[in-house]
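Grab a pencil and work through these short exercises with the model open beside you. Try each task before reading its solution.

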Amino acid sequence: MTNEKIKRIGVFTSGGDAPGMNAAIRAVVRTGIYYQKEVFGIMRGYEGMIEGDIVKLGARSVGNIIQRGGTILKTARSKEFRTKEGRLKAYNNLKKEGIDALVAIGGDGSFTGLHYLTEEFGIPAVCIPGTIDNDLTGTDYTIGYDTATNTAVEAIDKIRDTALSHNRLFFIEVMGRNSGYIAVNSGIAGGAAAIIIPEETMSFENLMTLLTAGEGSSKKSNLIVVAEGSKIGGATELAKKVAERSDYFDIKVTVLGHLQRGGSPTYFDRVLASKLGVAAVEGILKGQTDVMVGIRNSKIVYNSFDSIINHVHEIDQESLRIAKILSI
Ligand code: ATP
């Protein structure tokens, strides 16, 4: 695959970190080198692009990272990049290094920034979905989501042991400000009695009905999984509200928080990141630009910025149905 116009590819991670980002960096670097291109790592996302913090990467410099969480290139959120002046500074640094194509690994914000850069300066760019939330349409899975969900399930299993021993009602909060993917699937896998997600409006009264139904059978221990973006309150708020209404339960709260971002990526995330990294570089060399590479029904797909941004990755209704049947 030759594309003489592209000689130097820049790769960076941006927005929230996600396990599997390193595997994606490794794939981008090695694929670039495989096609005789030079690859440069841009440190700290758009912040490093604006400051010119750019390093050359070789095939060996991405050795021993496939199994590591976080991102060796670091990540950041940059206010300055949201301005045209900031993006001009960033572009001038890319030009100085001779970088003529970009691969970003990040979420919808990172993709938006990249879209502006491509529009304003014509630099070819492909985005790889790297975010634990699985909130991007145009791909069945984002890098990091599988690992984060497995981490949540492991935590739920541990909480279940103590909940049962003490007959306690636990509210477990998982990540997901706008997306219930982690909550739904960790809830199903962890055997939760109820799953509360931003996309679905379970009322507080519905929750009370579900909990008090258990009183008749003397059921005191239960696990409720709550996505942080729940419309009826996070785990702490819900626990407080339930305690105000009933003293039947011994209620505890666990907020899993940043625990879900770290750790060694699962095999699934490593393979996904490897496939998407290869496809991102091959896509750029074949002329793809202003697109996100994704995987749909096990096939690599490229979707334009317009078809992804401001579209919601709908929660799978079948999963919600299954969760309800199994929580009786
Ligand atoms: P996550 O889903 O993990 O939050 P993200 O990529 O959506 O990841 P954001 O913080 O939303 O994370 O975006 C990352 C960076 O992308 C921002 O700090 C900013 O520099 C750039 N960015 C986001 N939105 C825009 C925009 N509208 N214009 C220009 N740049 C943007």
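Helices here are DSSP runs of at least four residues, numbered from the N terminus. Keep in mind that the model is a predicted one.

**Exercise 1: the ligand's surroundings**

Find out which helix gives the most residues to the shell around the ligand.

Solution. Start with the shell itself: 17 residues surround the ligand. The closest are Arg77, Ser78, Asp108, Gly109 and Ser110. Now sort the shell by element, and H4 comes out as the biggest giver, with six residues. As for the place where the ligand sits, the space it takes is the largest pocket.

**Exercise 2: polar atoms facing the ligand**

Work out how far polar side-chain atoms of Ser110 and Thr131 lie from ligand oxygen atoms, and what Arg82 does on the nitrogen side.

Solution. Take Ser110 to begin with: a polar atom of its side chain is 2.5 Å from an oxygen atom of the ligand. Next comes Thr131, where the distance from a polar side-chain atom to a ligand oxygen is 3.4 Å. Then turn to Arg82, whose side chain has an N or O atom 3.3 Å from a nitrogen atom of the ligand. Finish with the cover: on its own the ligand has 630 Å² of accessible area, and the protein covers 86% of that.

**Exercise 3: a salt bridge between two helices**

Show which helices the salt bridge of Glu120 and Arg87 links, and decide whether each partner is buried or partly exposed.

Solution. Check the contact: the side chains of Glu120 and Arg87 form a salt bridge, with N to O at 2.8 Å. Then place the partners. Glu120 belongs to helix H4 (residues 108–121) and Arg87 to helix H3 (residues 84–97), so this pair, 33 residues apart, links distant parts of the chain. Now the cut-off you need: buried means under 20% relative accessible area, exposed means over 50%, and partly exposed is in between. Arg87 has 8%, so it is buried. Glu120 has 27%, so it counts as partly exposed.

**Exercise 4: two more pairs and a network**

Compare where the pairs Glu80–Lys89 and Glu318–Arg321 stand on accessibility, then find a network of salt bridges.

Solution. Begin with Glu80 and Lys89, whose side chains meet in a salt bridge of 2.5 Å, N to O. Glu80 has a relative accessibility of 33%, so it is partly exposed. Lys89, at 42%, is partly exposed too.

Move on to Glu318 and Arg321, a salt bridge whose closest N and O atoms are 3.0 Å apart. Both residues lie in helix H11 (residues 317–326), three residues apart, which is about one turn of the helix. With 37% for Glu318 and 46% for Arg321, each falls in the partly exposed range.

For the network, look at Arg44, Glu47, Glu51 and Asp53, which salt bridges link together. The total count of salt bridges is 13.

**Exercise 5: a histidine in a loop**

Say which backbone oxygens the side chain of His313 contacts, and whether His313 is buried or exposed.

Solution. Locate His313 in the loop between helix H10 (305–308) and H11. Follow its side chain to the backbone oxygen of Asn134, reached at 2.8 Å. A polar atom of that His313 side chain also lies 3.3 Å from the backbone oxygen of Leu136. Since its relative accessibility is 14%, His313 counts as buried.

**Exercise 6: positive phi outside glycine**

Find the loops that hold Asn167 and Ser298, and give the phi of each.

Solution. Asn167 sits in the loop between helix H5 (145–166) and strand E6 (168–174). Its phi is positive, about 55°, although Asn167 is not a glycine. Asn167 is partly exposed at 39%. Ser298 sits in the loop between strand E10 (291–296) and strand E11 (299–304). Ser298 is not a glycine either, and its phi is near 65°. With a relative accessible area of 71%, Ser298 is exposed.

**Exercise 7: a long span**

Work out how far apart the C-alpha atoms of Leu207 and Arg44 are.

Solution. Place Leu207 in helix H7 (residues 204–216). Leu207 is buried, at 0% relative accessible area. Along the chain, Leu207 and Arg44 are 163 residues apart, and their C-alpha atoms are separated by 42 Å.

Notes: Residues numbered from 1 in each chain as written. Predicted model: local features only at pLDDT ≥ 70, side-chain atom pairs only at ≥ 80, totals over all residues. Heavy atoms only, no water. Salt bridge = Lys/Arg side-chain N within 4 Å of Asp/Glu carboxyl O. Buried < 20%, exposed > 50% of the residue type's maximum accessible area, 1.4 Å probe, protein only. Near = heavy atom within 4 Å. Polar contact = N/O pair within 3.5 Å; in protein donor to acceptor, adjacent residues only side chain to side chain. Areas by Shrake-Rupley, 256 points an atom, 1.4 Å probe, with all protein chains shown as cover. 1 Å grid on protein atoms, 1.4 Å probe; cavity = no way out; pocket = protein on both sides within 12 Å on 5 of 7 lines; lining within 4 Å. Sits in = over half its atoms within 2 Å of the grid points.
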